[in-house]
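The following note is offered to a colleague who has the sequence and the model at hand. It proceeds by topic, in numbered points.

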Amino acid sequence: MAGNSQRRNRRTSNKKGATVGSGGQRRKGLEGKGPTPPAEARKGHKKNRIAGAQARRAAVSGQSRRPSGRGAKATSEMVVGRNPVVEALRAEIPATAVYVQQFIDSDDRVREALRLATDRGVPLLEAPRPELDRITAGLNHQGLVLQIPPYEYAHPEDLAAAAADRREDPLIVALDGVTDPRNLGAVVRSVAAFGGHGVVVPERRAAGMTAGAWKTSAGTAARVPVARATNLTRTLEAYQKAGLTVVGLAADGDVELHELEALSGPVVIVAGSEGKGLSRLVGETCDLLVRIPMPGGAESLNAGVAAGVVLYEASRRRA
């Protein structure tokens, strides 16, 4: 009887001996997960499905458009990676959607991206990693992708018409062979600062309004129109027929900037690339070639800096 009692006690006893601790290895499991994601980011939620459908329609329609004619739009663009997405959202670059990888390993950048997108009303779409790999063509997206809507370009004629509506002489900048979006963004920012009426870029082999251009423009791209020209030379000739003086910036120009009286009237300032300058046809089309004196001995200025200097001079003369 005593033996049976002892065996029964051993079977029913709940006492445990000393156990080995985790050594803090499971401490992360005790940490908070942060605020509950918005409805748009929760898989299965009605708002998530609606936002997903809207973003897919936007992506399809953006990819089907090809830039041509008045008000042409470029295709939509993807900003890839945690830091680039956060920086783009901070700069208030227009966005159609933020794609977030399912089961993403969240950090401060992910949380900030979600907060900024939510504050701006940008749809948050959860997607599996293979889907993000597909839409980014295999780039290292780190679980975050920002979709930028197609930029709606103006027509070159619209820029002069806008100046006429304001009863002002047109002040327009045209870029010839400038392929760095940051230079385009810098020019857009200078045009906004000095009262210009817009920027013209060629449709091919030239920088367009990408995320990099938007960021460098510091938000001014929202109010300064950028037009695309199918043929820049013909566009400049059309401006000349409309009474505008076309001034090209060249290191070997015949006129120095302080001598350029044309800046006080309707004018188009044409800047070329830093390496090659103006192309031959564009240079021959210009009414005047002007040089910026550089006592410091620099050989040339990039398009953004050169255009800013000339725009300042034009603004000073028109004041």
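1. The model under discussion is predicted. A convenient place to begin is the cluster that ring pairs form from Tyr151, Tyr153 and Trp214. In total, the structure holds three aromatic pairs. Within the cluster, Tyr151 and Tyr153 pair edge-to-face, with 4.7 Å from centre to centre and 75° between the planes. Are these two tyrosines, Tyr151 and Tyr153, buried or exposed? Tyr151 has a relative accessible area of 11% and is therefore buried; Tyr153, at 3%, counts as buried too.

2. A further edge-to-face pair is made by Phe194 and Tyr312, whose ring centres lie 6.0 Å apart and whose planes enclose 70°. Phe194 belongs to the loop between α7 (181-193) and β6 (198-202), whereas Tyr312 sits in helix α11 (residues 303-318); the pair therefore ties together parts that are 118 residues apart in sequence. Both rings belong to partly exposed residues: Phe194 has a relative accessibility of 27%, and Tyr312 one of 46%.

3. The helices α7 and α11 should be read together with that pair. Their axes come within 8 Å and cross at roughly 15°, so α7 is roughly parallel to α11. The crossing of α7 and α11 is right-handed. On the α7 side the contact is made by Asn183, Ala186, Val187, Ser190 and Val191. On the α11 side the contributors are Ala303, Gly304, Ala307, Gly308 and Leu311.

4. Attention may next turn to an open sheet of four strands, which has mixed pairing and the order β1-β4-β2-β3. Which strands stand at the edges? They are β1 (77-80) and β3 (124-127); each has a single partner strand, so one side of each is left without a neighbour in the sheet. On average, neighbouring strands of this sheet are turned by 25° against each other, direction ignored.

5. Inside this order, strand β2 (residues 97-101) and strand β4 (residues 144-148) pair in the antiparallel sense, and four bridges join them. One residue that can be located on the model is Val98, whose bridge partner in β4 is Leu146. Two helices deserve mention here. Helix α3 (residues 82-90) packs on the sheet and touches β1 and β4, its direction making about 40° with that of β4. Helix α4 (residues 108-120) also packs on the sheet, where it touches β2, β3 and β4; the direction of α4 makes about 135° with that of β3.

6. Leu114 offers a residue-level view of helix α4, in which it lies. Which residues does Leu114 touch, not counting those up to four places away in sequence? They are Val100 and Leu124. Val100 falls within the residue range of strand β2 (residues 97-101), and Leu124 within that of β3 (124-127). The C-alpha atoms of Leu114 and Val86 are 9.0 Å apart in space, while the two residues are 28 residues apart in sequence.

7. Strand β5 (residues 171-176) is mostly covered, with six of its six residues buried. Leu171, Val173 and Leu175 point one way from the strand, and Ile172, Ala174 and Asp176 point the other way. The buried set thus includes Asp176 alongside residues such as Leu171 and Ile172.

8. What are the partners of β5? Strand β10 (residues 267-272) runs parallel to β5 and is joined to it by six bridges. Leu175 has Ala271 as its bridge partner in β10. Strand β6 also runs parallel to β5, the two being joined by three bridges. In β6, Val200 is the bridge partner of Ala174.

9. A final point concerns Ala250, found in the loop between β8 (245-249) and β9 (255-256). Is Ala250 buried or exposed? Its relative accessible area is 16%, and buried means under 20%, so Ala250 is buried. Leaving aside neighbours within four places in sequence, Ala250 is in contact with Val290 and Arg291. Ser300 is 50 residues away from Ala250 along the chain, yet the C-alpha atoms of the two are separated by 8.8 Å.

Note on methods: Residues numbered from 1 in each chain as written. Predicted model: local features only at pLDDT ≥ 70, side-chain atom pairs only at ≥ 80, totals over all residues. Heavy atoms only, no water. Phe/Tyr/Trp six-rings, centres within 6.5 Å; stacked < 30°, edge-to-face > 60°. Buried < 20%, exposed > 50% of the residue type's maximum accessible area, 1.4 Å probe, protein only. Pairing = 2+ DSSP bridges. Axes fitted to C-alpha atoms, helices over the stretch in contact; angles between N-to-C directions. Contact = heavy atoms within 4.5 Å. Parallel < 35°, antiparallel > 145°, perpendicular 65-115°, else oblique. Left-handed = near helix turned anticlockwise from the far one by under 90°.
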